[in-house]
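Trainee: I am new to this structure and would like to learn how its labels are decided. Could you walk me through a few of them?

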Amino acid sequence: MGKPYITRAGYDILHKELEYLWNEKRPDVTQKVSWAASLGDRSENADYQYNKRLLAQIDRRIRYLRGCMNKLQVVDYNAQQAGKVFFGAYVELESDDDESILSIRIVGGDEIFGRSNYISIDSPMAKALLGKSEGDDATVFTPKGQKLWYVNKIAYKCPDWFEEQEIKDHTLEPSDDDIAKDEQEFSEVDSKKLEQEYLKSLIK
């Protein structure tokens with residue numbers, strides 16, 4: 001099985017998040033944890049408990065990003081893709097049912113970031129569209145049945161007819177579920193191990 005695909009832009013977003021968490025967010029929260037711990041009884045110290053959980057969230061996210069990025073394959077645009085739907089394509093579709101227009105972009109599952117007009121390369125619609133040209137039709141099979149779409153337009157640079165949506169940031173605020181999983185949080189040894197592994201990855 002090959003590596004999951006990601007666009008260059010999507011990879012850059014993940015890399016930017018990783019750099020921010022490691023170089024800015026984590027040092028800041030670590031300092032707050034140390035300060036709160038110095039105040040005394042940790043069991044009744046709200047600042048300590050909150051920031052300790054937040055630090056565990058950050059460490060989990062860093063570990064996820066590092067593991068994810070090591071497995072991904074960046075796919076850049078190739079001129080041979082012109083005129084056909086492949087990975088990274090922007091596609092304008094028209095429904096056979098009511099002539100409604102739908103504009104989407106086909107990307108990797110790790111770079112959707114909450115945007116409703118970005119769809120995974122592994123989705124039923126993306127699979128039905130791959131290899132299609134303008135003017136072709138595509139039958140999309142879903143659990144709710146099948147639907148016919150016509151391919152109106154294809155582009156590989158963001159076109160005027162595609163509305164870029166705001167990227168939804170990954171939340172790091174501790175939730176009730178996180179509080180219930182305190183015993184699963186990283187220990188100091190785990191955090192140091194994570195730091196050592198990350199530093200090693202920078203010099204490879």
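Trainee: Why is Cys-158 called partly exposed?

Mentor: Cys-158 has 39% relative accessibility. Buried means under 20% relative accessible area, exposed over 50%, and partly exposed in between, with a 1.4 Å probe and protein chains only. So Cys-158 counts as partly exposed. Bear in mind that this is a predicted model, where local features need pLDDT of at least 70, side-chain atom pairs count only at pLDDT 80 or more, and totals for chains, interfaces and linings use all residues. Residues are numbered from 1 along each chain as its sequence is written, and side-chain values use heavy atoms, leaving out hydrogens and water.

Trainee: What makes Cys-68 count as buried?

Mentor: Its relative accessibility is 11%, so Cys-68 counts as buried.

Trainee: How many disulfides does the structure hold?

Mentor: Zero; a disulfide would need a pair of cysteine sulfur atoms within 2.5 Å.

Trainee: How do you know that Glu-111 has no salt bridge?

Mentor: A salt bridge is a side-chain nitrogen of Lys or Arg within 4 Å of a carboxyl oxygen of Asp or Glu. For the buried Glu-111, the nearest side chain of opposite charge, Arg-115, is 5.4 Å away. Here Lys and Arg count as positive, Asp and Glu as negative, and His and the chain ends are not counted.

Trainee: Which residues does Glu-111 touch, not counting those up to four places away in sequence?

Mentor: Tyr-5, Ile-6, Thr-7, Gly-10, Phe-87 and Tyr-118; contact means heavy atoms within 4.5 Å.
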